[in-house]
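This report describes one protein chain and its bound metal ion, proceeding from individual residues and the metal site to the packing of helices.

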Amino acid sequence: MSNRIYIFDTTLRDGEQVPGCQLTTDEKVQVAIQLELLGVDVIEAGFPVSSPGDFRSVVEISKAVTNPTVCALSRAVVGDIDAAGEALKHAKRGRIHTGIGASDIHIRNKFGSTREAILEQAVRAVKHARGYVDDVEFYAEDAGRADLDFLCRLTEAVISAGATVVNIPDTTGYCLPSQYGDKIKYIYNNVPNVDKATISIHCHNDLGLATANSLAGIMGGARQIECTINGIGERAGNTSLEEVVMAMKVHKELGFETGIDTTRLYPVSQLVSGLMRMPVQANKAIVGRNAFAHSSGIHQDGHLKHTENYEIMNPLDVGVDKSLIILTARSGRHALRHRLELLGYRYDKPTLDTIYTRFLDMADVRKEVNDKDLMELVR
Ligand code: KIV
Ligand code: ZN
């Protein structure tokens, strides 16, 4: 089995479902172009039947990008699939993503149906979608809580019906990493035609486990990860693209590869955050303001001696131009001297001691001491 992991970005579909984060078609096209430059393999561009605006966005994204597959979401109903097929007409590579609830909770409480009827509907939907495109992905919604043997039967049936990708979503973010990884492994070992399709994973972050679950999923055999920039998405969000990609890059021993140009991660994160008016939390892994900022004296001293002491990746690798030393009342003399030297000031030890004492007084009041404050202090 190849170790190439396909990155399926759903920022413009699952991510855009976040209240207040809706984008115009032009904004979506702008993001899609950046996602193409980032190197994602698939862009889920929208849910065409849901609104004329979403339909238009799928059409325009299909025209605007060349390399990534453009994917359109649908439920397992004819009208949805027809809208998705129509919207993808201009795509160089189009994919319809269709599916239905697979857990007994969804089958009973959402559809008032039975496993057998759901299985038949799934097969019909995949066959109908194949009338539009050669690439059809099936999602077994709430697979995280679905009966495993039913999930295997469903997977086998949709692959026989023509699905090229089968998505096993942890829709409610319920699974633990070991459970999710085992689920994927079980599907690999028990679905006879599994080699005819790619297994995809789509994890939500309700327990803060989406990234861990996605990694467990690829270790279990899945080869596509569905994720979003900044981890945005329904409720607590989806797997964060930058986190899974950097986890694979940092842990080379896992042997996984992606097509992502990681130096574009930070700029894309800023673009999405700005357009969606959704700030990135300061301590967000990889792209948060503090992801490469060192503020305690012990860490600053260690970092200044050797960056590897407190950094597991080079900020340049994710498009951040440098690490930050934040001067606060927890900073030590080493960090203060370093910053003063960058500003062109050099002092002997007794003078530095005096400045340091005054610096601590200032830091207690101002919380963070910036370059302007420092110049004021030394003057
Ligand atoms: O979370 C989920 O199950 C989904 C599907 C529509 C793929 O977003
Ligand atoms: Zn989802």
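## Two arginines in loops

Arg277 is found in the loop between helix H10 and strand E9 (293-294). The model is a predicted one, and in it Arg277 has a positive phi of about 50° although it is not a glycine. Because its relative accessible area is 58%, above the 50% cut-off, Arg277 is classed as exposed.

Arg235 also has a positive phi, of about 50°, and is likewise not a glycine. The place of Arg235 is the loop between strand E8 and helix H9.

## The chain as a whole

The chain contains 14 helices and ten strands. Its C-alpha trace spans about 80 × 40 × 35 Å along the principal axes. Of the 379 residues in the chain, 54% are buried.

Contacts between parts of the chain that are distant in sequence are well represented. Among contacts with a separation of 6 or more, 73% are accounted for by residues 24 or more positions apart.

## The zinc site

Which residues supply the protein donors of the zinc ion (ligand 2)? They are Asp14 through OD, His202 through NE2 and His204 through NE2, at 2.0 to 2.2 Å from the ion. Along the chain, these donors follow the spacing D-x187-H-x1-H. Asp14 and His202 thus link distant parts of the chain, being 188 residues apart. Asp14 sits in the loop between strand E1 (6-9) and helix H1 (25-38), whereas His202 belongs to strand E7 (residues 198-203).

Are these two donors, Asp14 and His202, buried or exposed? Both Asp14 and His202 are buried.

## Packing of H1 against H10

Helix H1 packs with helix H10 (residues 265-276) at an angle of about 170°, and the two axes are 10 Å apart. Since an angle over 145 degrees counts as roughly antiparallel, H1 and H10 are therefore roughly antiparallel to each other. Their crossing is left-handed.

On the H1 side, the contact is made by Glu27, Gln30, Val31, Gln34, Leu35 and Leu38. H10 contributes Leu265, Val268, Leu271, Val272 and Leu275. By class, the residues of this contact comprise eight nonpolar, two polar and one charged. An α-helix has 3.6 residues a turn, so residues three or four places apart point the same way. The positions listed for the two helices can be read with that periodicity in mind.

## Packing of H3 against H5

A second helix pair consists of H3 (residues 78-87) and H5 (residues 115-130), which pack at an angle of about 25° with their axes 10 Å apart. Because angles under 35 degrees count as roughly parallel, H3 and H5 are roughly parallel to each other. H3 passes H5 in a right-handed crossing.

Val78, Ile81 and Asp82 of H3 meet Ala125, His128 and Ala129 of H5 in this contact. The contact of H3 with H5 has four nonpolar residues, one polar and one charged.

## The covered helix H9

Helix H9 (residues 241-250) is mostly covered, with seven of its ten residues buried. The buried residues of H9 are Leu241, Glu242, Val244, Val245, Met246, Ala247 and Met248.

What covers these buried residues of H9? The covering elements include E1, H1, helix H8 (210-219), strand E8 (224-227) and H10. H1 and H10, which pack with each other, are thus both among the elements over H9.

## Two buried residues of H8

Helix H8 holds Asn213 and Ala216. With a relative accessibility of 0%, under the 20% cut-off, Asn213 counts as buried. Leaving aside neighbours within four places in sequence, Asn213 is in contact with Asp170, Cys175, Leu176, Pro177, Tyr180 and Cys203.

Ala216, at 14% relative accessibility, also falls under the 20% cut-off and therefore counts as buried. Beyond residues up to four places away in sequence, Ala216 touches Pro177 and Gly181. Ala216 and Gly181 are 35 residues apart in sequence, yet their C-alpha atoms are 4.5 Å apart in space. Pro177 is thus a contact of Asn213 and of Ala216.

Conventions: Residues numbered from 1 in each chain as written. Chains lettered and ligands numbered in written order. Predicted model: local features only at pLDDT ≥ 70, side-chain atom pairs only at ≥ 80, totals over all residues. Heavy atoms only, no water. Donors = N, O, S within 2.8 Å, 3.2 Å for Na, K, Ca; no water. Helix = DSSP H or I, 4+ residues; strand = E, 2+ residues; numbered from the N terminus. Buried < 20%, exposed > 50% of the residue type's maximum accessible area, 1.4 Å probe, protein only. Axes fitted to C-alpha atoms, helices over the stretch in contact; angles between N-to-C directions. Parallel < 35°, antiparallel > 145°, perpendicular 65-115°, else oblique. Left-handed = near helix turned anticlockwise from the far one by under 90°. Contact = heavy atoms within 4.5 Å. Nonpolar A, V, L, I, M, F, W, Y, C, P; charged D, E, K, R; others polar.
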